[in-house]
Amino acid sequence: MTVTLKNIGIIGAGQMGCGIAHVSALAGYKVHIYDLSQSGIEAGLATINGNLARQVSHGKLEDESRKNALSKISGSTDINDLASMDLVIEAATENEDIKRKIYAQVCPVLKPEALLATNTSSLSITRLASATDRPEQFMGIHFMNPVPVMKLVELVRGIATGEKTFDTAKGYVRSLDKAITVAEDFPAFIVNRILLPMINEAIYTLYEGVGTVEAIDTAMKLGANHPMGPLQLADFIGLDTCLSIMQVLHDGLADSKYRPCPLLVKYVEAGWLGRKSGRGFYDYRGETPVPTR
C-alpha cells in the first residue's frame with residue numbers, strides 16, 4: 001500500500017534541490033523549498049524559471065504548463081513550513097554531519113506519517129536513517145544531475161526502510177516519468193561506484209603526465225563515445241563532490257583502488273571546484289573554457 005503524495009518538501013535550493021522541485025511541480029505536486037538563505041531561494045526559483053522557459057523555447061513544454069508548474073512552487077527560510085509535507089527530500093551538500101543536523105531540526109516538524117528521503121549520491125542510507133525518528137519511513141531517492149534532463153533515479157533502501165515507503169517512492173519517481181534502478185545500500189550505490197573511479201583514474205592519467213586535459217577528454221569522447229570527457233564531467237559535478245564520493249568509497253570499502261588522486265585533492269584545496277567556482281580542470285572565466293593543465 002502506498003501513501004498518497006500531494007505536497008513535496010525540498011531541503012536545499014541548490015542545483016539538485018531546484019531540479020527536483022522543477023520535475024515535481026511539472027508532475028502536478030505542490031512543492032515547497034526550504035533553504036537557510038532567502039537569496040538562495042530567490043536564485044533557485046530564478047533558475048527553475050529559466051530552465052522551464054528553455055524547455056518552452058525548445059518545444060518540449062507548453063507555456064501553460066510552465067506557468068502552472070511555477071504556480072505550484074514556493075520557498076522559505078522557515079523550517080516549520082515543511083509541517084504539511086507528505087514527502088520531504090533532503091538535497092543538502094554531500095556531508096554526513098550537515099545532513100544529520102538537518103534531520104534533527106526537521107523531524108520534530110514533520111507530521112508522523114510523512115516520508116523523509118535523501119538525495120545523497122554516496123552515503124549510507126542505513127546510517128542516515130538512524131539519525132531520524134522514522135527509519136522505516138526513510139530511504140534514498142538519488143536523482144542524477146541535471147534532474148530535468150536525466151532519466152534515471154536510483155532508489156536505495158536502508159536496513160529499516162518499510163515496504164510501504166519503498167512502494168510510495170517508486171510511485172513518486174514513476175509519476176515524474178523517470179526510470180528506476182534499485183541499488184543496495186553500499187558506498188556510492190551503482191552509478192557513482194562505477195563513474196567516480198573512472199573520473200579519478202582520468203585525473204591520475206593527467207597527474208602522471210600520460211595526457212593533457214584536452215587529450216584525455218578527446219580520447220574518451222571519440223574513443224569511448226562518451227558525450228562529455230571525464231575531466232569536463234568532473235568539473236560539471238564539482239571536484240569537491242567527486243572527492244567526497246571517492247573518500248566515501250575509500251573509507252567504506254577499504255580498497256586502495258579507491259584512493260583519491262592527489263591532484264584532485266590539490267585542486268579542491270585550491271578552491272578550484274569546477275564550473276561552480278569558475279576554475280577546475282578548465283578555466284570558465286573567459287568566453288570559452290580553457291584547460292588549466
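**Exercise 1. Work out how strand β5 is paired on the side of strand β6, and which residues stand opposite each other there.**

Solution. In this predicted model, begin with the two strands themselves: β5 and β6, the latter covering residues 138–143, run in the parallel sense and are joined over 3 bridges. Next, look for the residues that face each other across this pair. L116 has F138 of β6 opposite to it, and T118 stands opposite G140, which also belongs to β6.

**Exercise 2. Find what pairs with β5 through L115, and describe how the chain links the two strands.**

Solution. The bridge partner of L115 is L87, and the strand to look at is β4, residues 87–90, which pairs with β5 in the parallel sense over 4 bridges. As a further step, follow the chain between them: β4, helix α4 (residues 96–106) and β5 together form a β-α-β unit, and this unit is right-handed.

**Exercise 3. Decide in which directions the side chains of β5 point, and whether the residues are buried or exposed.**

Solution. Take the residues of β5, 115–118, by direction: L115 and A117 point one way, while L116 and T118 point the other way. Then consider their surroundings, where the result is that all of them are buried.

**Exercise 4. Place strand β1 among its neighbours, and then place the strands in the whole sheet.**

Solution. Start with β1 itself, residues 7–11, which is mostly covered, since 4 of its 5 residues are buried. On the side of β2 (residues 30–34), 5 bridges join two strands that run parallel, and I10 has I33 as its bridge partner in β2. The chain passes from β1 to β2 through helix α1 (residues 15–26) in a right-handed β-α-β crossover. β1 also pairs with β4, in the parallel sense and over 4 bridges, with I11 standing opposite E90. Now widen the view: the open sheet has 8 strands in the order β3-β2-β1-β4-β5-β6-β7-β8, and its pairing is mixed. Its edges are β3 (73–76) and β8 (179–183), each of which pairs on one side only, and the twist from one strand to the next averages 25°.

**Exercise 5. Describe how helices α7 and α10 pack against each other.**

Solution. First take the geometry: α7 (residues 191–207) and α10 (residues 239–253) pack at an angle of about 110°, and their axes lie 10 Å apart. An angle from 65 to 115 degrees counts as roughly perpendicular, and the two helices are therefore roughly perpendicular to each other. The crossing of α7 past α10 is left-handed. Finally, name the residues in contact: N192, R193, L196, P197 and N200 from α7, and C242, I245, M246, L249 and L253 from α10.

Conventions
Residues numbered from 1 in each chain as written. Predicted model: local features only at pLDDT ≥ 70, side-chain atom pairs only at ≥ 80, totals over all residues. Heavy atoms only, no water. Buried < 20%, exposed > 50% of the residue type's maximum accessible area, 1.4 Å probe, protein only. Pairing = 2+ DSSP bridges. Right-handed = clockwise from strand over helix to strand, strands pointing away. Axes fitted to C-alpha atoms, helices over the stretch in contact; angles between N-to-C directions. Parallel < 35°, antiparallel > 145°, perpendicular 65-115°, else oblique. Left-handed = near helix turned anticlockwise from the far one by under 90°. Contact = heavy atoms within 4.5 Å.
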